[in-house]
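Got your viewer open and a cartoon view ready? Let's walk through this one stop by stop, selecting as we go.

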Amino acid sequence: MYKKNHIVEFEKYAKNYDLFAKVQKRVAQELIKEIDFKPLRILDIGCGTGEIYKNIPWKVEKFIGVDCSKNMCQLHPLSTNTEVICDDFESEDFKKRVLHLAPFDLVISSSALQWAKELEQTLKFYSKLSDRVAFAIFTSGTFKTIYKISERKSFLPSFDLIQTLAKIYKNSNLYKRSYKIEFEDTLSMLRHIKYSGTSGGSELLSYGNTKHLIESYPYKYLEFEVAFLLN
Ligand SMILES: C[S@@+](CC[C@H](N)C(=O)[O-])C[C@H]1O[C@@H](n2cnc3c(N)ncnc32)[C@H](O)[C@@H]1O
């Protein structure tokens, strides 16, 4: 399988993910709280180490998670009604396979769809598998000051783009939430970005840029922005 840069990061830092993914954990919990029914057949796109599965308070009949990082998949809890498929959610092979497993009562995804190479096509495809979706997608307001200081453009989709794409759903409810996590110093802040796999596999944390950020970053917190899309 072709390894995208960020997947290499998730493979490398899988064991640390649960320790460092504070915002992602909060986002997954908040996303589940938004679901106003009890879906029995669920597909989780980019399931990682199982943050969605671990937080579902009702009994499900079938839970299928897909994630292309083998190390993340291995840390996902399993049970008789759970299946974790290690694959790329954008690959044609996986799409064919999952079409046979549809329909689902809910397609959910937390902190993963921002990695889609083709977000529009991906949303269109997964909208065919269920009438109900719950997506939390990190948007370009995340680390906005870091990107500004580094004079780099965020790889994350903008909230405006997601607003445009949300039109494929008939009754969608879309809003954004901002989060801040406080740190003792800039170095631990940058370490957090590295271990939670949120640097986008880019040069954001190259040696030179890290040095520059340590000297210039004005805050003791990191900024995150997440779009919640429900249908
Ligand atoms: C930030 S983690 C979120 C994991 C989990 N949903 C959570 O809320 O903690 C993003 C996950 O998406 C997975 N991922 C990213 N792009 C993917 C792709 N194209 N296909 C499958 N999984 C992907 C990564 O391997 C990683 O486990």
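Start by selecting β1 (41–45) and β2 (62–67): the two strands run parallel and are joined by 5 bridges. Strands and helices here are DSSP runs, numbered from the N terminus (E and at least two residues for strands, H or I and at least four for helices), and two strands pair if DSSP finds at least two bridges between them. Before going on, a word on what you are looking at: this is a predicted model, in which local features need pLDDT of at least 70 and side-chain atom pairs count only at pLDDT 80 or more, while totals for chains, interfaces and linings use all residues. Residues are numbered from 1 along each chain as its sequence is written, and side-chain values use heavy atoms, with hydrogens and water left out.

Show D44 and you'll find G65 of β2 standing opposite. Now add β3 (82–86). β2 and β3 also run parallel, with 5 bridges between them, and V66 has I85 in β3 as its bridge partner. How much of β2 is buried? 5 of its 6 residues are; buried means under 20% relative accessible area, exposed over 50%, and partly exposed in between (1.4 Å probe, protein chains only).

Go back to β1 and look at its pairing with β4 (106–110). β1 and β4 are parallel over 3 bridges, and I42 stands opposite L106 in β4.

Next, colour the whole sheet. Its 7 strands make an open sheet in the order β3-β2-β1-β4-β5-β7-β6, with mixed pairing. Which strands stand at the edges? β3 and β6 do, each with a single partner strand, so one side of each has no neighbour in the sheet. From one strand to the next, the twist averages 20 degrees. Angles run from 0 to 180 degrees between N-to-C directions, and axes are lines fitted to C-alpha atoms, for helices over the stretch in contact.

Select helix α5 (residues 92–101) and show F94, K95 and V98, which are buried. Looking down the axis of α5, these buried residues fall within an arc of 100 degrees, so they line one face of the helix; the arc is that of the directions from the helix axis to the C-beta atoms. Swing round to the other side of α5 and E92, D93, K96 and H100 are exposed. The buried residues of α5 pack against β1, β2, β3 and α6, where contact means heavy atoms within 4.5 Å.

That takes you to α6 (residues 119–127), where T122 sits. Is T122 buried or exposed? T122 is buried, at a relative accessible area of 1%. Leaving aside neighbours within four places in sequence, T122 touches F89, E90, L113 and A116.

Now for the biggest greasy patch. The largest nonpolar core has 38 residues, and I108, I146, L222 and F228 have the most contacts inside it. A nonpolar core is a set of buried Ala, Val, Leu, Ile, Met, Phe, Trp, Tyr and Cys residues joined through side-chain atoms within 4.5 Å. Elements that each supply at least two residues of this core include α2 (22–33), β5 (133–138), α7 (144–150) and α9 (186–195). Zoom in on I146: sequence neighbours within four places aside, its contacts are L190, I193, L204, L213, Y217 and L222. A second, separate core has 27 residues, among them I45, I137, Y169 and L229.

Pick out α9, which lies across β6 and β7 and runs at about 35 degrees to β7. Then select α10 (residues 207–216), where N209, T210 and L213 are buried. They cover an arc of only 100 degrees around the axis, which puts them on the same side of α10. On the other side, Y207 and E215 are exposed, while the buried residues of α10 pack against α7 and α9.

Last stop: the aromatics. Rings of Phe, Tyr and Trp (its six-membered ring) pair if their centres lie within 6.5 Å; planes under 30 degrees apart count as stacked, over 60 as edge-to-face and the rest as tilted. That gives 8 aromatic pairs. The F138 and F224 rings have centres 6.3 Å apart and planes at 85 degrees, so the pair is edge-to-face. Add F143, and F138, F143 and F224 form one aromatic cluster.
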